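Please find below some short remarks on this model, set out as numbered points. They are meant to be read alongside the sequence and coordinates.

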Amino acid sequence: RVSLRDPQQTYWVIAAWPHEYPVAFLQSWIFFGRELGVNKMRKPILNKYDLSRRRYLGPTTMDTELSFLMCNLCQVRKSSFVIDPFVGTGGLLVPAAHMGAVTLGMD
């Protein structure tokens, strides 16, 4: 039996093509793969810092999931120091602080 709400396996299809080609299928790349590693703690953390739960939301606040992805790409950890020169409402500093980094923001 297949469960779409709580699947045991997740597969991804990603299609990409350069903008120079007017017909996408002439020069395109299609990738197919199975998701191997998923952090089960991801949803509770993202829900905790969800934008809809914040008291104040600026017009350019960065999405929570994107902020966590950026911190992961930069390998932010407890020994990190993160500076955001365009902090706004702190969309990037919230996940960095959650990961234990020392944060500094300014506008």
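**Surface patch and overall layout**

1. Five residues, Phe 81, Ile 83, Val 102, Leu 104 and Met 106, make up a nonpolar patch on the surface, and their accessible area together is about 450 Å². The model is a predicted one.

2. Two strands stand behind this patch: β3 (81-84) and β4 (102-105) each contribute at least two of its residues. Phe 81, one of the patch members, lies in strand β3.

3. As to secondary structure, the protein chain contains 3 helices and 4 strands. Their order along the sequence is β-β-α-α-β-α-β.

4. How much of the protein chain is buried? Of its 107 residues, 22% are buried. The accessible surface of the protein chain is about 9,100 Å², and carbon and sulfur atoms account for 59% of that surface.

5. On contacts in the protein chain with a separation of 6 or more, 24% are between residues 24 or more positions apart.

6. Ala 97 sits in helix α3, which covers residues 93-98. Is Ala 97 buried or exposed? Its relative accessible area is 42%, so Ala 97 counts as partly exposed, the class that falls between under 20% for buried and over 50% for exposed.

7. A further point on Ala 97 concerns Arg 77: the two are 20 residues apart in sequence, and their C-alpha atoms are 9.0 Å apart in space.

Technical notes. Residues are numbered from 1 along each chain as its sequence is written. This is a predicted model: local features need pLDDT of at least 70, side-chain atom pairs count only at pLDDT 80 or more; totals for chains, interfaces and linings use all residues. Side-chain values use heavy atoms; hydrogens and water are left out. Buried means under 20% relative accessible area, exposed over 50%, partly exposed in between (1.4 Å probe, protein chains only). Contact means heavy atoms within 4.5 Å. Accessible areas come from the Shrake-Rupley method with a 1.4 Å probe; for residues, only the protein chains shown count as cover. Patches are made of residues with over 30% relative accessible area and no salt bridge: like charges are joined within 9 Å, nonpolar side chains (Val, Leu, Ile, Met, Phe, Trp, Tyr) within 5 Å. A salt bridge is a side-chain nitrogen of Lys or Arg within 4 Å of a carboxyl oxygen of Asp or Glu.
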